[in-house]
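Open the model in your viewer and keep the selection panel at hand. The tour goes stop by stop.

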Amino acid sequence: MARATADRVDALMRAERAVLGEIHASDEAYRNLLHLCDIIGDRFGGSESERQGGAWLRDRAAQYGLAGARLQEFRHLGWQRGPVTARIIAPVDRAIDAIALPYSPSCDFEGEAIWVGQGEADDYEKLPADACQGKIVVSWAESTPPPGGHASHRREKTGRALAHGARAFLFVNQNAGNMAITGSLTAGFEGELPALGLPLESGDYVRRLLERGPVRLRIQIASSFAETTSVNVLADLGPADRGGPFLITGAHYDAHDVAVGALDNTSGTVVVLEAARALKTVEALLAVPVRVILFACEEIGLLGAWHYARAMAADLPRCRFVLNVDSPVKSHPGDESLSVCGFPELVPHFTGMGQDLKYSFETRDRISAYADHFPFSVAGVPSGTLGSRPTSGMVGRGWGHTPADTVDKVNPKALQSAAALVARLLLRIAHDESFPGRHRTRAEMDGTIDASPIGWYVRHFKRYPFQPSWA
Ligand SMILES: [Zn+2]
């Protein structure tokens, strides 16, 4: 028995070394990223470019020998941007740069602006009651909470503005370079309030004018909405599914329409595909099946992940772990970090795994409704997202969600490091019959989310942030 275990550990070590060699001796991931960004384009949710990206990725997975590479189609309400005008009309008359946030409704009105700083609950507490009623609320995109504090996401900030009676919401990037920031307002349905993303330069101008006195703005947004089709890409690795435990690894391949999303998340897409390509070479050593999913429509509300989780609900209790990968190369090679979502028992486990791998990575437990692990977490499946530390010298998402999220920001060596980590984690978890991630009931998960910093949002709006109407 001890002999059999020793043989198995030895085989696992050899498999890991083979996978490391395969990935670090190849530029396949970087070449895939170049094709997706430079040839296919932005892959915005519901667009023709996204469907082309999905078909290309399915073909790539098939070429790598993954089993059953296929598309999973779903319908949703798409959004397309039209022209936008944002103009200060008092105390000066001057146009400012701005773009609409996806799912912003159309509008044309004038109104008074109000500055809410970081748009956190305590920022609103400093204002007189009803100060935001009927106003254009202007907020920094990111928050810098004290250590251990919660930094609200865009959905929470727009939700708070809406709850305080805002008529429109302006979301201001803190990174210089005239980069208007984007990010969707809802998940596949028309938003409740018009919303614009501003570059630092125009947002800070509005903020300075507000220090002198009232500021009036004219906002015109033209948006169009239409039913459209998107596709998740599915493929399988390892032994055939015989009704036992299995793993899911995934990444979203859609991007925002303001750039090609080289970092967010073409990088994660090619990292997952590269990990799968390398694991194919040691497939016999995968103890359980691994389902590879490249999700559509993450940026417009996790629509692909919600669709998949709903379609696969009956199988999810057998899923040992969901390893999602989103923006894993924002920083230097080796700066990956893992966020599990409501599964604190996994923090010491993954920390120990990093030590065993001689490749430590930061792991934390945090309820986040803003990546493709979330629909699985809601279903009680142990899950998390592998990302990376922020780009040094930048706030929040850095280049992400701006027109500057382009190929030149990607370090090909960071793709290799992240792909090697993903492949090794999957090998280890596939072998780990005593993996400590415990499945939760829906009621247990609801309780965890309610107690978290997004609990107020769920209670107020009776839905998760980024939850489509059908999920
Ligand atoms: Zn992303």
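How many of the five residues of strand 5 (residues 136-140) are buried? Select the strand and check: five of five, so the strand counts as mostly covered, given that buried means under 20% relative accessible area. Keep in mind throughout that this is a predicted model.

**Stop 1: strand 5 and its partners**

Colour strand 5 by side. Ile136, Val138 and Trp140 lie on one side. Val137 and Ser139 lie on the other. Both faces are covered.

Now add strand 4 (residues 107-115). Three bridges join strand 4 to strand 5, and the two run parallel. Pick isoleucine 114: valine 137 in strand 5 stands opposite.

Next, show strand 6. Strand 5 pairs with strand 6 in the parallel sense, over five bridges. Click serine 139, then its bridge partner in strand 6, phenylalanine 171.

**Stop 2: on to strand 7**

Stay with strand 6 (residues 168-172) and add strand 7. Four bridges join these two, which run parallel. Valine 172 has leucine 198 of strand 7 as its bridge partner.

Select strand 7 (residues 195-198) alone. Ala195 and Gly197 point one way, Leu196 and Leu198 the other. All are buried.

Which way does strand 3 (residues 99-100) run against strand 7, parallel or antiparallel? Antiparallel, with two bridges joining them. Isoleucine 99 is the residue opposite glycine 197.

**Stop 3: alanine 86**

Move to strand 1, where alanine 86 lies. Its relative accessible area is 7%, so alanine 86 is buried. Draw a distance to alanine 98. The two are twelve residues apart along the chain, and their C-alpha atoms are separated by 6.4 Å. Leaving aside neighbours within four places in sequence, alanine 86 is in contact with Ala95, Ile96, Ala98, Leu196 and Arg218. Leu196 belongs to strand 7, the strand you have just left.

Follow strand 1 to the loop after it. Proline 91 lies in the loop between strand 1 and strand 2 (94-96). A cis peptide bond joins alanine 90 and proline 91, with omega about 10°.

**Stop 4: helix 8**

Select helix 8 (residues 303-311). Seven of its nine residues are buried. They are Leu303, Gly304, Ala305, Trp306, His307, Tyr308 and Ala309. What do they pack against? Show strand 1 (67-90), strand 8 (216-237), strand 9 (246-252), strand 10 (290-295) and helix 10 (374-378).

**Stop 5: helix 7 and its two partners**

Display helix 2 (residues 28-40) with helix 7 (residues 262-280). They pack at an angle of about 135°, and their axes are 9 Å apart. That makes helix 2 oblique to helix 7. The crossing is right-handed.

Turn on side chains at the contact. From helix 2 come Glu28, Ala29, Asn32, Leu33, Leu36 and Cys37. From helix 7 come Ala262, Thr266, Ser267, Thr269, Val270, Leu273, Glu274 and Arg277. The contact of helix 2 with helix 7 divides into seven nonpolar, four polar and three charged residues.

Zoom in on asparagine 32 in helix 2. At 2% relative accessibility, asparagine 32 counts as buried. Beyond its neighbours within four places in sequence, asparagine 32 is in contact with Trp56, Arg60, Tyr64, Val270 and Leu273.

Swap helix 2 for helix 11 (residues 412-431). Helix 7 and helix 11 pack at about 55°, with axes 8 Å apart. That makes helix 7 oblique to helix 11. This crossing is right-handed. Helix 7 contributes Ser267, Val270, Val271, Glu274, Ala275 and Leu279. Helix 11 contributes Leu415, Ala418, Ala419, Val422, Ala423, Leu426 and Leu427. The residues of this contact divide into eleven nonpolar, one polar and one charged.

Before leaving helix 7, select asparagine 265, which has its place there. A cis peptide bond joins aspartate 264 to asparagine 265, with omega about 5°.

**Stop 6: two positive phi values**

Select aspartate 130, in the loop between helix 4 (121-125) and strand 5. Its phi is near 65°, a positive value in a residue other than glycine. Is aspartate 130 buried or exposed? Exposed, with a relative accessible area of 64%.

Finish at histidine 401, in the loop between strand 14 (383-388) and helix 11. Phi of histidine 401 is near 65°. Histidine 401 is buried, with a relative accessible area of 5%.

Note on methods. Residues are numbered from 1 along each chain as its sequence is written. This is a predicted model: local features need pLDDT of at least 70, side-chain atom pairs count only at pLDDT 80 or more; totals for chains, interfaces and linings use all residues. Side-chain values use heavy atoms; hydrogens and water are left out. Axes are lines fitted to C-alpha atoms, for helices over the stretch in contact, and angles run from 0 to 180 degrees between N-to-C directions. Angles under 35 degrees count as roughly parallel, over 145 as roughly antiparallel, 65 to 115 as roughly perpendicular and the rest as oblique. A crossing is left-handed if the near helix is turned anticlockwise from the far one by less than a right angle, and right-handed if clockwise. Contact means heavy atoms within 4.5 Å. Ala, Val, Leu, Ile, Met, Phe, Trp, Tyr, Cys and Pro count as nonpolar, Asp, Glu, Lys and Arg as charged, and the others, Gly among them, as polar. Buried means under 20% relative accessible area, exposed over 50%, partly exposed in between (1.4 Å probe, protein chains only). Two strands pair if DSSP finds at least two bridges between them.
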